[in-house]
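Morning, everyone. I have one structure to walk through today. Please have it open as I talk.

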Amino acid sequence: MLLATKSASSLSEYIKVLFNPEVNIFSFRSTTYLLVHSANMASGGGVAVASLWTEVNRCGQSGDYTRALKALTKILHENRDDVTALHCKVVCLVQTGSFKEALNVMNTHSKSLGSDVVFEKAYCEYRLNRVESSLKTIESAPEQTDKLKELYGQVLYRLERYEECRSVYTDLIRNSQDEYEEERKTNLAAVVAAMSQWEKASMEDLGLPESTYELCYNTACALIGQGQLTEAFNKLRQAEELCRVSLADDSDVTEEDIESELAVIHSQMAYIMQLQGRTDEALQLYNQVIKLKPSDVGLLAVTANNIITINKDQNVFDSKKKVKLTNAEGVEYKLARKQLQAIEFNKALLAMYTNQADQCRKLSSSLHSQNPSHPRPVLIQAAQLCREKQHSRAIELLQQFSDQNPESASCIKLTMAQLYLVQGHVTKACDVLRSIEAFRHKAGMVSALVALYSHEEDIDGAIDVFKQAIEHFQSEQPGSAAHLALVREAANFKLKHGRKKEAISDLEQLWKQNTKDVHTLAQLISAYSLVDTNKAKSLSKHLPSAETMSFNVDVDELENSHGATFVRKKAGKVVGESLPKEPGQVELKKKKKKKKGKLPKNYDPNVTPDPERWLPMRERSYYRGKKKGKKKEQIGKGTQGAMAGASAELDASKTASSPPTSPRPGSASGSSTAPSSSGVVPPRQQKPSSSGATRKKAPQKKKKGGKGGW
């Protein structure tokens with residue numbers, strides 16, 4: 001079965017290329033030819049040879065071709081040039097899948113076999129993927145039998161010569177009546193689907209039934225080629241049901257076998273989901289197909305490739321694992337040329353996104369050598385250069401390709417313009433865009449050029465773009481909607497930038513097309529007022545009168561409507577009519593009432609406010625700094641247990657009445673105090689008396705080796 005791939009993905013942040021699907025999945029149900037050759041007994045020979053021929057005949061009928069080969073080898077040992085034995089040996093080798101050995105037998109005994117084995121030789125070459133050789137063998141046949149035509153159709157299909165292939169299968173279906181009719185119709189449906197997708201041919205109704213899931217599946221693929229995705233998805237649902245019903249009747253078929261057969265249908269469903277933007281559902285279905293590990297390497301390659309296109313430049317690690325599935329042996333024989341090309345493009349892009357610059361250059365160069373006129377390999381190379389900050393080299397590469405391939409120059413020049421804009425060369429970008437003949441006068445291109453020239457304040461350049469576009473439509477499509485739209489935009493642009501004189505011709509052209517266009521007439525009168533006032537006056541006569549232009553509109557209702565951005569305030573109610581003012585009377589202005597300021601809660605009217613109250617506290621004249629707490633001053637100063645504030649007051653040596661010497665410990669005089677004239681009791685920081693009075697002692701750290709106490 002041949003499966004679809006996706007096209008090249010987005011190249012870089014500079015080159016905008018969408019994920020465009022280009023190929024489709026369709027079924028290729030080749031007819032398996034039972035090459036049973038009647039083993040005729042030789043006319044001559046001994047009894048042993050006759051018994052060997054009997055053995056060959058019995059094995060051929062039972063399908064035991066390995067045992068038949070042993071008997072044929074013995075026969076050929078007796079007569080190595082026996083044509084019947086050689087032919088039977090070739091048939092047995094084909095049935096056992098030994099195509100190379102069968103081809104060697106035919107080439108070795110070509111003189112003996114002659115044209116009797118043309119079909120067998122062409123079939124072996126076809127199965128060995130020597131399609132060109134198989135085509136030559138078929139065309140050299142002296143007679144085109146039905147089985148040769150059948151093989152001829154498959155060879156043409158592999159060579160992607162779909163038109164000829166369709167003619168062959170149409171003729172076979174018309175002129176054949178056997179058990180292979182359903183297979184022929186399936187192959188014809190596959191050819192129609194291929195033409196619909198690869199060659200964009202219109203879908204013809206050939207009257208093919210949809211009785212089998214293969215036919216229904218191919219019809220869905222043809223619908224995808226026509227862009228009818230919803231109808232195609234419904235057909236795939238129908239094909240899935242038919243497949244389950246047809247396989248459920250076989251008791252030897254397990255559920256795993258059914259899921260494996262449905263894998264190609266599910267992969268195609270995921271492809272449609274991907275085209276519809278349902279990427280999460282598509283990715284889930286793709287991964288289910290991968291987990292089944294189908295034996296079809298083409299199915300695995302396509303599914304893995306489509307997962308890579310969903311990942312884009314994200315989840316690169318998963319993409320690197322999936323890309324290995326596209327390198328499986330035999331993939332190149334299962335997929336169409338465009339499918340293989342798309343896979344190679346995606347490999348190059350993946351190498352670029354994984355920073356494998358050398359691998360990316362190698363793959364893109366190989367693609368360019370295979371398709372010299374295809375723009376995508378060059379775009380990938382340019383994208384890689386841009387990632388390496390080599391914009392100038394990228395532009396040179398694109399310019400060289402554009403000069404060599406003018407038919408593909410459009411997308412290349414758009415990329416060049418984008419790169420110029422990235423570098424800030426707006427004028428060069430405009431020159432490149434104006435050189436694209438295919439898009440030069442398109443509305444989008446005109447709009448882009450006018451915007452770029454306006455950004456550079458090149459009004460003359462923008463007007464010249466409008467002029468050339470209007471001249472083109474004037475000669476090709478005069479009076480068309482696109483032509484008048486360009487004229488309108490040109491006139492508005494000129495009026496916006498003060499070029500009213502230049503806008504007159506455009507406005508006159510518009511007004512002649514529709515003389516009832518009041519807006520255009522007003523613009524034309526405004527433009528003529530600067531050039532020819534008489535002309536402006538004569539044109540103003542065509543303006544409608546004020547009565548005809550009045551509309552029955554309720555202004556208040558309009559202003560109060562939901563969409564109004566400005567609503568006029570309603571006037572207050574008038575109690576009485578205002579009297580007319582006498583001459584000389586001056587209108588007095590209303591004085592605003594001054595609000596009384598709030599006074600502080602502790603305000604005393606009898607106290608004069610502080611004149612420095614507006615200054616910060618630190619800047620006032622009476623500020624003496626912040627007072628520190630007594631406890632903080634006492635910590636860590638003086639002897640243990642002493643207080644700094646009372647040290648001078650308690651110093652007995654500084655008082656006049658103090659004795660010359662300190663009292664001895666334990667003496668009665670030690671507990672007495674000097675008489676004080678003030679009668680103030682000294683503080684309690686003194687040593688407590690023996691009467692048992694106590695005082696609190698501040699907790700202190702005990703010094704190492706010292707003694708506590710006083």
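I'll go through side-chain pairs, then cysteines, then an annotated repeat, then two single residues.

One thing up front: this is a predicted model.

Start with the rings. How many aromatic pairs does a search of the whole structure find? The search gives 4. Take Phe 99 and Tyr 123. Their ring centres are 6.3 Å apart and their planes make an angle of 65°, so this pair is edge-to-face. Where do the two residues sit? Phe 99 is in helix H4, residues 99–108, and Tyr 123 is in helix H6, residues 118–127. That is a separation of 24 residues in sequence, so the pair ties together two parts of the chain. Phe 99 and Tyr 123 are both buried.

Next, Tyr 157 and Tyr 162. Centres 5.7 Å apart, planes at 70°, so we call this pair edge-to-face too. Tyr 157 is buried, and so is Tyr 162.

Back to Phe 99 for a moment. Together with Phe 119 and Tyr 123, Phe 99 forms one aromatic cluster.

One more ring, this time with a charge. Which residue puts its charged end over the ring of Phe 233? Arg 278 does, at 5.7 Å from the ring centre.

Now salt bridges. Side chains of opposite charge can pair when their charged atoms come close. The whole-structure search finds 23 salt bridges. I'll show you a few.

First up, Arg 67 with Glu 55. The N to O distance is 2.9 Å. Arg 67 belongs to helix H2, residues 65–78, and Glu 55 to helix H1, so this salt bridge ties together parts 12 residues apart in sequence. Are the two partners buried or exposed? Arg 67 has 48% relative accessibility, so it counts as partly exposed. Glu 55 has 14%, so Glu 55 counts as buried.

Second, Glu 181 and Lys 185. Their closest N and O atoms are 3.4 Å apart. This one stays inside a single helix: both residues lie in H10, residues 181–198. They are 4 residues apart, about one turn of the helix. Glu 181 is partly exposed, at 30% relative accessibility.

Third, Glu 210 and Lys 235. Here the closest N and O atoms are 2.5 Å apart. What does the pair link? Distant parts of the chain, 25 residues apart. Glu 210 is in the loop between H10 and helix H11, which covers 213–225. Lys 235 is in helix H12, residues 229–248. Glu 210 has a relative accessibility of 27%, so Glu 210 counts as partly exposed.

There is also a network. Which residues does it link by salt bridges? They are Arg 237, Glu 240, Arg 244, Glu 255 and Glu 259.

On to cysteines. How many disulfides does the structure hold? The count is 0. Look at Cys 92. The nearest cysteine sulfur belongs to Cys 88 and is 6.6 Å away. The cut-off for a disulfide is 2.5 Å between sulfur atoms, so a separation of 6.6 Å does not qualify. Cys 92 is buried, with a relative accessible area of 6%. Cys 411 is at 32% relative accessibility, so it counts as partly exposed.

Now the annotation. UniProt, in an unreviewed entry, lists residues 263–296 as "repeat: TPR". What does the model show over that stretch? Residues 263–296 are 79% helix and 0% strand. The C-alpha atoms at the two ends are 10 Å apart.

Last, two single residues. Asn 57 is in helix H1, residues 47–62. With 35% relative accessibility, Asn 57 counts as partly exposed. Its C-alpha atom is 8.0 Å from that of Ala 68, and the two residues are 11 apart along the chain.

Then Gln 381, in helix H20, residues 375–387. Gln 381 is buried, at 16% relative accessible area. What does Gln 381 touch, leaving aside residues up to four places away in sequence? The contacts are Ser 364, Ser 365, His 368 and Leu 397.

To wrap up, two counts to keep: 4 aromatic pairs and 23 salt bridges. That's my tour.

Note on methods
Residues are numbered from 1 along each chain as its sequence is written. This is a predicted model: local features need pLDDT of at least 70, side-chain atom pairs count only at pLDDT 80 or more; totals for chains, interfaces and linings use all residues. Side-chain values use heavy atoms; hydrogens and water are left out. Rings of Phe, Tyr and Trp (its six-membered ring) pair if their centres lie within 6.5 Å; planes under 30 degrees apart count as stacked, over 60 as edge-to-face and the rest as tilted. Buried means under 20% relative accessible area, exposed over 50%, partly exposed in between (1.4 Å probe, protein chains only). A charge sits over a ring if NZ of Lys or CZ of Arg is within 6 Å of the ring centre and within 35 degrees of the ring normal. UniProt positions are given in the numbering used here, feature names are shortened, and annotations may be inferred rather than shown by experiment. A salt bridge is a side-chain nitrogen of Lys or Arg within 4 Å of a carboxyl oxygen of Asp or Glu. Contact means heavy atoms within 4.5 Å.
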